[in-house]
Amino acid sequence: MTEQTLQQKLDQAGDIVEFLRNQQVGPNVYPGVPAEYSNWRNEQKAWADSAVLFNQSYHMVELYVRGPEAFKLLEYTAINSFKGFQVNKAKQYVPVTPDGYVIGDVILFYLAENEFSLVGRAPAIEWVEFHAETGKADGTKWDVTVERDERWAMRNDGKRKNYRFQLQGPNAMKVLEKAMGQTPPDLKFFNMAHVDISGKDVIALRHGMAGQPGYELFGPWEDYQAVHSALVEAGKDFGLTLVGGRAYSSNTLESGWLPSPLPAIYTGNDPMLVKYREWLSAKSYEGMCSVGGSYVPETVDGYYLTPWDIGYGHIVKFDHDFVGREALERMKDQKHKTKVTLALDNE
């Protein structure tokens, strides 16, 4: 029996807004880590006061894209400029639909010549998989291969391709220095370098959330325990705190990042979108996710967001040809939504 496609599921559902608001999906639970190691308040406070260690090894999808046309494929599907993008750099990767609405975003790592990885939620990653598999607009195939390393909840073999830790906070550099036994490389934001921790080759990405300095550290799964133990041991003198799922999910709010905009692919008659809905499984992220809140639009398009709506306007660059460029050129001078924050009055 052929697996149902997303398009077939939507055709059966009828009203897509009602369908999404009544999905039988439970709360998002971060696998592999407890909700709290101590309590979420102390864990959240530690990333501003000392240092924290997030374990990101379990909940994100990773997609490797390799081949002579990997760079061109990723550039063609992203609103970002790829000028100056080279090996040992990373960037936020944001794709939009042909109509100019956001599908999602992930982090793109330039690992080696003709080799990239994308790490994050499934929607943006599956958009790349779709283009790699179905080819260019003229029907020719991209000269690329893709390899998907699925998140923990979707596998049963007990391992990933890579572990992934985030070391963050005012004391992050001190912890890393002790774990390495030498001064860490002085990297610019979103630059990478290979470092040695406990005799293991680790890739360090200069990164940070909520205004705090930090590193994302990753390497082969078999090195997981050695590197994690070395970081924990090194952090004992610097207030290093392990962070569970509750505090981890709150730092996106503090930094103002929207991790889960609804992928804007449920409607639209562009042949690319129609084909994509027929390519996606009914069990895909889009086929299983739910929406809530007090805002209930008449049609699902009311949930769609432009890059400007969620603060990505500054990374839209019209220096290359990409999916959705014409739509964004029409939108750029229009009125956009403004992302704001809610602050509590301490008094």
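Start by selecting Phe-71 in this predicted model: Phe-71 is partly exposed, with a relative accessible area of 24%. You will find Phe-71 in helix H4 (residues 70-76).

Now add Phe-116, which belongs to strand S5 (residues 115-120). Is Phe-116 buried or exposed? Phe-116 is buried, and its relative accessible area is 1%.

Next, look at the next aromatic pair by selecting Tyr-30 and Tyr-248. The structure holds 26 aromatic pairs. In this one, the ring centres of Tyr-30 and Tyr-248 are 5.2 Å apart and the planes meet at 85°, so the pair is edge-to-face. Where do the two residues sit along the chain? Tyr-30 is in the loop between helix H2 (16-21) and helix H3 (40-49), while Tyr-248 is in helix H8 (residues 245-255). The pair links distant parts of the chain, 218 residues apart. Tyr-30 is buried at 16% relative accessible area, and Tyr-248 counts as buried too, at 15%.

Now go back to Phe-71 and Phe-116 and show both rings. Their centres are 6.3 Å apart and their planes stand at 55°, so this pair is tilted. The pair ties together parts that are 45 residues apart in sequence.

For a group of rings, select Tyr-58, Tyr-163, Phe-165, Trp-221 and Tyr-224: ring pairs link these residues into a cluster.

Finish with two charges over rings. Select Lys-161 and Tyr-64: the charged end of Lys-161 sits over the Tyr-64 ring, 5.3 Å from its centre. Then select Arg-164 and Phe-218, where the charged end of Arg-164 sits over the ring of Phe-218, 4.4 Å from its centre.

Conventions:
Residues are numbered from 1 along each chain as its sequence is written. This is a predicted model: local features need pLDDT of at least 70, side-chain atom pairs count only at pLDDT 80 or more; totals for chains, interfaces and linings use all residues. Side-chain values use heavy atoms; hydrogens and water are left out. Rings of Phe, Tyr and Trp (its six-membered ring) pair if their centres lie within 6.5 Å; planes under 30 degrees apart count as stacked, over 60 as edge-to-face and the rest as tilted. Helices (H or I, at least four residues) and strands (E, at least two) are DSSP runs, numbered from the N terminus. Buried means under 20% relative accessible area, exposed over 50%, partly exposed in between (1.4 Å probe, protein chains only). A charge sits over a ring if NZ of Lys or CZ of Arg is within 6 Å of the ring centre and within 35 degrees of the ring normal.
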